[in-house]
Amino acid sequence: MNYHVLTLFPEMMEQGLHTSILGRAMDKGLIHLNAVDIRDYTEDKHRKVDDYPYGGGAGMVMQAEPVYRAWEAVKSRMGGKSARVIYVTPQGRVFDQSLAEELAREEELILLCGHYEGVDERVLEEIVTDYVSIGDYVLTGGELAAMVMIDAISRLVPGVLSNEVSAEFETFHEHLLEYPQYSRPEVWREKTVPPVLLSGNHDRIEDWRREQSFLRTRNRRPDLYTKYLEQEDLVSAGNKLSKKRLKMIIAEEMLLGDSHTERDWAEEFRELAEELGVKLVLASGSDPERFHRIFQAEGIERRELLVFAASAEGVLAARADKLRTVYFPADPGEQEPKGLVYYQKISDLLEGMAVIRRLCRG
């Protein structure tokens with residue numbers, strides 16, 4: 001990836017980008033920065049590139065000719081290759097992860113950094129292909145915005161990040177914020193790392209992280225969460241796989257019954273089922289046939305049903321009917337049964353909620 005930045009402050013770009021990950025990527029030749037000083041292309045002996053605006057008004061406007069000549073010099077250096085020219089302006093399309101991914105597929109990018117009251121409109125009409133903003137606020141110049149964009153785009157260039165998975169599964173992937181991260185020590189100021197991250201069970205860890213992404217996005221960025229739900233609806237509408245989607249949950253009454261409403265997660269569990277359009281039915285007693293009777297009465301297929309068992313006996317009863325089962329023991333001290341379809345043990349309800357979401361995607 002080659003970046004050509006048309007700027008009045010090339011040293012600002014050089015100093016800001018030749019450090020850390022981007023600096024190492026430049027040293028490896030993965031990305032290249034060509035900071036072009038627009039002042040080098042003015043005929044004014046004082047290197048002046050701005051003038052008063054026609055029609056009056058405060059401030060100065062960058063002149064068209066120096067900008068155009070700087071752009072021509074870059075085009076000549078590129079040997080005739082075409083390149084998108086991005087004008088960094090509050091009036092443009094808002095820069096986001098989707099646009100970063102799109103621009104990362106380019107070989108050459110030219111970024112124009114404005115100053116003062118802006119750039120003469122005529123040269124913008126002549127050379128600019130994209131108007132891009134990093135947010136609804138005004139900066140003193142386009143350099144900081146250009147550096148933000150270059151950083152975000154470069155992370156997606158193959159080889160720039162040592163761990164390629166980092167670029168794919170981080171904040172804003174699929175419109176979801178990133179899950180919480182933890183490192184050593186295991187206990188810090190009496191705060192512990194969530195036990196699931198210490199379990200070594202990568203399936204459980206993946207589901208926990210995804211569920212945390214859902215919750216964090218819903219709480220902190222409801223706008224992104226709405227986009228995620230809309231995206232999932234489109235995927236579901238176009239999904240022609242024969243795989244059955246979850247329609248009903250049978251949960252043992254001892255988990256969600258009235259006698260246990262003090263559990264702080266019970267209501268959230270109910271709300272999740274309602275949000276996803278999944279019917280929630282409580283099974284009472286210890287009759288081995290209790291799940292079978294509900295299953296038969298509802299007239300659904302096995303792949304459309306999930307049982308939340310609160311005891312080892314409940315797990316065995318569900319398995320006897322070949323029903324998909326999640327074990328969430330009402331008694332944490334109970335010895336876990338082996339060979340469950342999804343997990344040996346669900347120690348955190350959020351993991352069970354993640355299972356539900358995954359099954360509802362079909």
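Trainee: Let's start with M12. Which helix does M12 lie in?

Mentor: M12 sits in helix α1, which covers residues 10-17. Keep in mind that this is a predicted model.

Trainee: Is M12 buried, partly exposed or exposed?

Mentor: The general idea is that buried means under 20% relative accessible area and exposed means over 50%, with partly exposed in between. M12 has a relative accessible area of 31%, so it counts as partly exposed.

Trainee: Which residues form a nonpolar patch on the surface?

Mentor: M12 is one of them, along with F9, Y137, L139 and L144. Together they offer about 410 Å² of accessible area.

Trainee: On to the sheet. What is the strand order?

Mentor: Reading across, you get β2-β1-β6-β5-β7, an open sheet of 5 strands with parallel pairing. β2 (32-37) and β7 (130-133) are at the edges; each has a single partner strand, so one side of each lacks a neighbour in the sheet. On average, neighbouring strands here are turned by 30 degrees against each other, direction ignored.

Trainee: How many bridges join β5 and β6?

Mentor: Strand β5 (residues 84-94) pairs with strand β6 (residues 108-113) over 5 bridges, in the parallel sense. For a spot to click on, take I86, whose bridge partner in β6 is L111.

Trainee: And which strands does helix α3 touch?

Mentor: Helix α3 (residues 64-77) packs on the sheet and touches β1 (2-7), β2, β5 and β6. Its direction makes about 160 degrees with that of β1. Helix α6 (residues 143-154) lies across β1, β5, β6 and β7, and runs at about 160 degrees to β6.

Terms used: Residues are numbered from 1 along each chain as its sequence is written. This is a predicted model: local features need pLDDT of at least 70, side-chain atom pairs count only at pLDDT 80 or more; totals for chains, interfaces and linings use all residues. Side-chain values use heavy atoms; hydrogens and water are left out. Patches are made of residues with over 30% relative accessible area and no salt bridge: like charges are joined within 9 Å, nonpolar side chains (Val, Leu, Ile, Met, Phe, Trp, Tyr) within 5 Å. Accessible areas come from the Shrake-Rupley method with a 1.4 Å probe; for residues, only the protein chains shown count as cover. A salt bridge is a side-chain nitrogen of Lys or Arg within 4 Å of a carboxyl oxygen of Asp or Glu. Helices (H or I, at least four residues) and strands (E, at least two) are DSSP runs, numbered from the N terminus. Buried means under 20% relative accessible area, exposed over 50%, partly exposed in between (1.4 Å probe, protein chains only). Two strands pair if DSSP finds at least two bridges between them. Axes are lines fitted to C-alpha atoms, for helices over the stretch in contact, and angles run from 0 to 180 degrees between N-to-C directions. Contact means heavy atoms within 4.5 Å.
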